[in-house]
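User: Could you take a close look at one helix for me and walk me through it? I'm new to this, so plain talk is welcome.

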Amino acid sequence: MSSSSPAPTYYIIFVTAAVLVLKSVNEEVTEPYMDEPFHIPQAQAYCKGDYWTWDPKITTPPGLYVLSLIFKTLFMLKCNLSMLRLTPMLSLMALPIALTPLVSYHKRERPPPSITTPLLEAVILAAFPVAWFFGFLYYTEVPSLVSVVGTVVLALEGKHWRAALLGLISCTFRQNNIVWVLYAYALSQVLYLRFRRVLPNEKPLPKLHDPLALEASPVDLLRSALSAPRVLPDILPNFVPYALVLVAFGAFVVWNGGIVLGDKANHVPAFHVPQLYYFVGFAAAFGWPALVTGKGGVLALASDVHAKMFGNKRNTLITGVASAIMCLTIYKFTIQHPFLLSDNRHYTFYIWRRVFLLHPVVPYLLVPGYIACAWAWYLRIGHDQTLLQNLLLPVFVVPTLLPTPLLEPRYFLIPYILLRVQVKDVPLWGLALEALWYAGINAVTMWVFLYKERVGVGRFMW
């Protein structure tokens with residue numbers, strides 16, 4: 001396998017744009033901003049060999065600082081603000097390379113022979129606005145994303161010990177990545193069971209009931225659960241390395257007295273059910289180019305969604321019951337975090353005030369939209385995927401987002417990317433539309449951040 005093929009033009013453009021943006025950020029934002037005043041001094045302490053001093057306001061483990069220390073050693077970098085921001089930017093440059101085998105796997109195509117030739121779709125996904133923005137500030141988001149994507153790829157390739165090790169490393173960037181370590185294992189086993197074949201003259205293997213998603217009914221979910229014990233002996237051995245990671249994570253939680261490392265008063269786990277609805281809306285708002293470029297376009301998708309919601313009496317009844325339950329959870333479990341209400345440097349501050357607080361009825365009026373968005377994604381990724389493949393990501397999204405009390409786009413980054421890569425048939429014109437959509441958002445948000453600082457308020461960001 002070659003590793004020295006020339007990089008494609010689109011990847012060169014991506015890297016060049018990243019370098020130029022970081023240069024502009026360093027020129028305009030010359031002091032640590034937002035969370036950087038916590039992360040930068042901590043990283044500089046590590047650079048000096050002081051591994052025991054710890055800022056109690058920092059909520060995440062030291063993976064980001066260790067990665068910076070590795071880069072400092074390899075490239076003889078200084079540990080000033082500009083050089084430390086290279087850590088997330090280099091991670092951003094690596095993201096298309098990490099995403100390429102994952103995109104290829106979902107397309108069931110052989111990945112490019114060289115790591116320097118990432119797929120166009122992988123480069124576009126790496127420019128996803130939340131990932132792109134935090135690729136230039138000293139935050140954990142992009143290194144965390146790269147490590148999670150790498151974990152999923154290794155698991156799908158059957159390299160479970162390596163996947164578990166990288167998954168353990170991913171937890172040093174963000175603790176809740178433990179959920180994605182388990183997702184990597186679960187996805188790999190669902191696909192292993194789907195595609196394994198029996199050699200001639202061999203005894204038939206136990207089967208997991210897992211029909212195609214768009215042909216399945218609720219009864220099939222029960223049948224899948226009942227068939228699961230038959231295949232457990234075949235998949236449990238592969239769980240051993242992940243179990244060790246789970247044990248190590250459990251030991252950390254016991255030692256630390258909880259998942260959050262520092263500033264525990266402002267990061268108390270909650271039962272924030274509407275966070276799941278916000279994610280579905282967020283995913284549709286950013287991923288609409290992938291949604292509408294399927295067979296038949298937006299009209300066919302809208303027709304299929306309408307049929308799922310109101311196509312017959314049963315569907316209409318289910319939609320009505322689901323809407324009532326969602327309205328109840330919005331009423332009982334909506335959380336207005338103090339940061340959301342007070343920090344006017346984030347876009348969510350304005351979205352919350354100008355949309356959700358416009359009138360008390362607005363959050364409830366959005367419920368049919370949430371349901372429609374969920375069905376749109378289910379139908380879009382359901383082509384050539386099984387029922388369990390379709391449902392696996394939502395199952396793991398729940399423990400990731402449900403306990404988070406703050407509405408924060410960064411929390412949606414990993415689940416969005418893992419959802420979007422499951423859309424396997426976006427045509428070239430659809431990718432161009434997606435690239436333009438992301439590029440437009442990136443241009444506006446970076447321009448506002450760099451050049452529209454407001455006196456007494458600060459710079460605006462996700």
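Analyst: A quick word on naming before we zoom in: helices here are DSSP runs (H or I, at least four residues), numbered from the N terminus. Also keep in mind that this is a predicted model.

Let's pick H12, which covers residues 240–256. With 17 residues, H12 reaches 24 Å from its first C-alpha to its last, close to the 24 Å expected at 1.5 Å a residue. Right after H12 ends comes Gly 257, with a positive phi of about 75°.

Now, which residues of H12 are buried? They are Pro 241, Tyr 242, Val 245, Phe 249, Phe 252 and Asn 256. Look down the axis of H12 and these buried residues fall within an arc of 100°, so they line one face of the helix. Swing round to the other side of H12 and you'll find Val 247, Val 254 and Trp 255, which are exposed.

What does the buried face sit against? The buried residues of H12 pack against three partners: helix H8 (141–156), helix H9 (160–170) and helix H10 (177–195).

Two of those partners, H8 and H9, also meet each other: their axes come within 8 Å and cross at roughly 165°. H8 and H9 are therefore roughly antiparallel to each other, and their crossing is left-handed. On the H8 side, the residues making this contact include Ser 147, Gly 150 and Leu 154, while H9 brings in residues including His 160, Ala 163 and Ser 170.

Note on methods. Residues numbered from 1 in each chain as written. Predicted model: local features only at pLDDT ≥ 70, side-chain atom pairs only at ≥ 80, totals over all residues. Heavy atoms only, no water. Helix = DSSP H or I, 4+ residues; strand = E, 2+ residues; numbered from the N terminus. Expected span 1.5 Å × (residues − 1). Buried < 20%, exposed > 50% of the residue type's maximum accessible area, 1.4 Å probe, protein only. Arc of directions from axis to C-beta. Contact = heavy atoms within 4.5 Å. Axes fitted to C-alpha atoms, helices over the stretch in contact; angles between N-to-C directions. Parallel < 35°, antiparallel > 145°, perpendicular 65-115°, else oblique. Left-handed = near helix turned anticlockwise from the far one by under 90°.
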